[in-house]
Amino acid sequence: MAAKYGKHTAARALSRARRHGRVRKNVFGTQDRPRLVVNRSARHLFVQIVDDTQGHTLVSASTMDVSLRSAEGDKTDKAKKVGELLAQRAKTAGITAVVFDRGGNRYAGRIAALADSARESGLEF
């Protein structure tokens with residue numbers, strides 16, 4: 001792994017993977033309370049609500065959506081808009097409560113903004 005990435009990048013990616021493993025050991029999405037999964041890249045944020053018992057994605061949203069692609073603001077502002085959009089789509093699908101899987105990312109910045117805006121828009125964590 002160190003050959004593909006720089007020394008520090010490889011260590012950071014490995015640490016995130018370990019944290020994600022620890023989170024996934026305890027977080028499981030059911031039909032009543034599916035799992036909200038966050039995948040963060042350098043530029044974009046991808047979020048899904050997944051039922052782990054069936055292995056199906058119920059709802060998804062990202063900064064790549066047509067409605068958010070031309071959104072103004074920094075990445076944190078876009079993360080807030082993704083949270084609002086996800087909560088709106090979840091309500092339409094009849095989902096009110098989820099368990100939060102932050103994907104090994106720190107609960108700060110874009111991840112926290114996404115979670116807070118989804119909560120404010122009506123999703124229960």
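This talk goes through three strands, one helix and a charged patch in the structure above. The model is predicted.

I'll start with the strands. Strand β1 covers residues 35-40, strand β2 covers residues 45-51, and strand β3 covers residues 56-62. β1 and β2 run antiparallel, and 6 bridges join them. Between these two strands sit 4 residues, and the pair makes a hairpin. If you want one position to look at, take N39, which is opposite F46 of β2.

Now the other neighbor of β2. β2 and β3 are also antiparallel, with 6 bridges between them. β2 and β3 form a hairpin as well, with 4 residues between the strands. In that hairpin, look for G55, which has a positive phi near 75 degrees. Along this pairing, I49 has V59 of β3 as its bridge partner. F46 stands opposite S62 in β3. So F46 is a useful place to pause on screen: N39 stands opposite F46, and S62 of β3 does too.

How many of the 7 residues of β2 are buried? The count is 5, so the strand is mostly covered. As a general point, side chains in a regular strand alternate between the two faces of the sheet.

Back to β1 for a moment, and to R40, which is found in that strand. Is R40 buried, partly exposed or exposed? R40 has a relative accessibility of 41%, and because the partly exposed class runs from the buried limit of 20% up to 50%, R40 counts as partly exposed.

R40 also belongs to a positive surface patch. The other members of that patch are R16, R43, R69, K75 and R106. If you color those residues in the viewer, you can see where the patch lies on the model.

The last item is the helix. Helix α1 spans residues 7-26, and G21 lies in it. G21 has a relative accessible area of 39%, which makes G21 partly exposed. Which glycine is G21 paired with in the distance I want to show? The partner is G104, 83 residues away from G21 along the chain. Their C-alpha atoms are separated by 7.5 Å.

That is the end of the tour, and I can go back to any of these views.

Technical notes. Residues numbered from 1 in each chain as written. Predicted model: local features only at pLDDT ≥ 70, side-chain atom pairs only at ≥ 80, totals over all residues. Heavy atoms only, no water. Patch = residues over 30% accessible without salt bridge, like charges linked within 9 Å, V, L, I, M, F, W, Y side chains within 5 Å. Areas by Shrake-Rupley, 256 points an atom, 1.4 Å probe, with all protein chains shown as cover. Salt bridge = Lys/Arg side-chain N within 4 Å of Asp/Glu carboxyl O. Lys, Arg positive; Asp, Glu negative; His and termini not counted. Charge placed at Lys NZ, Arg CZ, Asp CG, Glu CD. Buried < 20%, exposed > 50% of the residue type's maximum accessible area, 1.4 Å probe, protein only. Pairing = 2+ DSSP bridges.
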